[in-house]
Amino acid sequence: MASSFISRHFALSLQKNLWLSGPGCRYLSKAAPKTQVEYDYDGPSMKTSVPGPRSQELTKQLGDIQNVGAINFFCNYDESRGNYLVDVDGNRMLDIYTQISSIPIGYNHPALIKLMSDPSSLSTLVNRPALGILPPENFPDKLTESLLSVAPSGMARVQTMACGSCSNENAYKAMFIWYRNKERGHNNPSEEDLSSCMVNQVPGCPDLSILSFMGAFHGRTMGCLATTHSKAIHKLDVPSFDWPIAPFPKLQYPLEEFSRENAQEEARCLEEVEDLIVKWRQKGKPVAGIVIEPIQAEGGDNHASPDFFRNLRNIARKHGCAFHVDEVQTGGGNTGKFWAHEHWGMDDPADIVSFSKKLLTGGYYHRDELQADKPYRIFNTWMGDPSKNLLLAEVLNVIRRENLLEEVTRSGKALLNGLYDLQAQFPGLLSRARGQGTFCAIDICDDATRSSILLKARDKGVLLGGCGDRSIRFRPSLVFKEYHVHIFLNIFSEVLAQHK
């Protein structure tokens with residue numbers, strides 16, 4: 001059914017849009033095999049504009065309880081399948097945003113449904129233990145089976161947490177604790193340390209800092225907000241720390257045409273990082289750690305070269321700073337490798353790697369020396385959720401069994417090539433197509449046009465998200481196949497043609 005649907009879809013689109021038939025349209029002339037995912041639908045199906053009447057009614061109802069300004073529409077998750085999200089008005093949309101990059105193997109994957117239907121899983125679902133004090137018997141085995149089986153190079157320790165923000169927040173604490181113990185030369189605080197920290201004073205609450213980058217997003221909790229610099233609305237009216245902010249490289253595209261200029265830009269940023277570390281040490285606020293995303297996601301899908309990150313790692317080591325790689329959005333396989341930092345080709349890529357989203361649970365991996373030295377220093381009630389580790393173990397089985405990282409590489413190549421073609425056809429609208437795996441983005445001429453394109457694409461059955469000032473980002477699940485790419489490109493090209 002899916003194969004015939006897609007063939008008909010392509011034929012109709014070709015007849016309807018003769019301007020698509022030029023030699024540059026590789027995504028039409030090189031259609032992928034249409035092997036359908038068993039539990040997937042065969043294409044978008046739209047019954048109303050979005051949000052539809054039922055969504056609007058529910059938004060009004062919830063508006064009496066909460067702020068609903070960010071809500072797009074209400075969903076029917078029971079009916080959602082694979083790459084398709086169904087809303088409460090019966091609209092079925094190809095989801096290339098996946099709950100802000102958080103759905104690893106699509107909606108209602110049969111393997112996960114089967115796992116959750118197993119009576120032996122009930123205890124894990126019903127009971128949510130305080131893992132820091134009363135973990136279940138199988139917790140070490142489940143961590144080994146899930147999170148430790150995909151641990152970054154050089155790391156054999158992981159601390160689970162509930163979400164991305166608390167993962168980063170506690171990773172920052174771990175870096176500060178490590179740095180102070182290093183300064184003292186031992187792990188035992190003085191009486192002055194213990195008394196002064198209770199009234200937020202030095203030396204117990206030291207004037208340490210974390211260096212972050214302009215355009216970064218690391219979360220919305222207090223410490224994380226001090227390192228988040230992507231949108232003013234995140235930070236407005238909230239007190240923050242005086243911590244250093246370095247420039248992130250602004251690369252020019254296409255990369256191969258600007259290799260010299262981009263290398264100079266990266267060198268400039270690295271030099272500024274070193275200057276800031278020295279300057280903050282002189283201010284009496286030494287940099288205990290550097291935090292960076294392999295690709296700045298919320299800030300506009302900003303990339304840098306592997307050399308940039310390798311050099312940054314060396315700078316951190318040279319100045320005695322912990323190096324924290326935030327893989328909350330990039331981790332889990334959507335760049336074609338399980339961790340985006342694997343593209344750097346390093347045996348010792350980081351001291352701390354944080355994660356969440358596609359890994360279903362939150363937390364951070366760390367080197368041995370960043371292990372908390374005393375109980376309750378890195379702690380909260382839940383410290384994660386064992387049911388998410390159970391789900392993650394099965395997600396990892398599916399990824400391996402179905403070779404999904406290879407699938408991501410193939411789909412990503414088709415997606416990026418399609419974006420290159422559309423960029424050439426609509427030079428006034430599109431620019432700077434970029435990506436790694438299916439973690440892709442493209443710039444729109446201005447924010448207003450971007451908003452219009454996102455809404456029109458949604459009404460035609462494609463869900464996309466924005467990032468930065470004027471980028472559209474693509475965040476499909478790992479089961480996003482090449483034929484899904486082609487469905488998207490045909491719909492997207494129709495939307496763009498209306499703006500031409």
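The following exchange goes through why certain labels apply in this predicted model.

Trainee: What is the mean pLDDT of the protein chain, and where is the pLDDT below 50?

Mentor: The mean is 92, and 92% of the residues reach 70 or more. Over residues 1-36 the pLDDT is below 50, although this stretch has 61 contacts in the model beyond near neighbours in sequence. Where pLDDT is low, the predicted coordinates should not be read in detail.

Trainee: Why is Val 126 called exposed?

Mentor: Its relative accessible area is 64%. Exposed means over 50%, so Val 126 qualifies. Val 126 lies in helix 6, residues 122-126.

Trainee: Which residues form a nonpolar patch with Val 126?

Mentor: Leu 122 and Leu 125 do, and the three together have about 280 Å² of accessible area on the surface.

Trainee: What makes Arg 54 and Glu 57 a salt bridge?

Mentor: Their side chains meet at 2.7 Å, N to O. The cut-off is 4 Å, so the pair counts as a salt bridge. Both residues lie in helix 3 (residues 53-63), three residues apart, about one turn of the helix.

Trainee: Are Arg 54 and Glu 57 buried, exposed or partly exposed, and why?

Mentor: Arg 54 has 34% relative accessibility and Glu 57 has 46%. Partly exposed lies between 20% and 50%, so both residues take that label.

Trainee: How do you know whether Asp 447 and Arg 450 are buried or exposed?

Mentor: Arg 450 has a relative accessible area of 10%; buried means under 20%, so Arg 450 is buried. Asp 447, at 40%, is partly exposed. The two residues form a salt bridge, with the closest N and O atoms 2.9 Å apart, and both lie in helix 16, residues 447-459.

Trainee: Which residues are joined into one network by salt bridges that share partners?

Mentor: Arg 313, Arg 317, Asp 348, Asp 351, Arg 367 and Glu 369 are joined in this way. The structure holds 30 salt bridges.

Trainee: Which residues have the most contacts inside the largest nonpolar core?

Mentor: Phe 213, Ile 290 and Phe 308 do, in a core of 77 residues. Helix 8 (residues 164-184) gives the most to this core, with nine residues. A second, separate core has 31 residues, including Tyr 84, Leu 415, Val 462 and Ile 491.

Trainee: Which residues is Ile 290 in contact with, leaving aside its neighbours within four places in sequence?

Mentor: Among them are Leu 211, Phe 213, Val 273, Ile 277 and Leu 312. Cys 321, Phe 323 and His 324 are also in contact with Ile 290.

Key: Residues numbered from 1 in each chain as written. Predicted model: local features only at pLDDT ≥ 70, side-chain atom pairs only at ≥ 80, totals over all residues. Heavy atoms only, no water. Patch = residues over 30% accessible without salt bridge, like charges linked within 9 Å, V, L, I, M, F, W, Y side chains within 5 Å. Areas by Shrake-Rupley, 256 points an atom, 1.4 Å probe, with all protein chains shown as cover. Helix = DSSP H or I, 4+ residues; strand = E, 2+ residues; numbered from the N terminus. Buried < 20%, exposed > 50% of the residue type's maximum accessible area, 1.4 Å probe, protein only. pLDDT = per-residue confidence, 0-100. Contact = heavy atoms within 4.5 Å. Core = buried A, V, L, I, M, F, W, Y, C linked by side-chain atoms within 4.5 Å.
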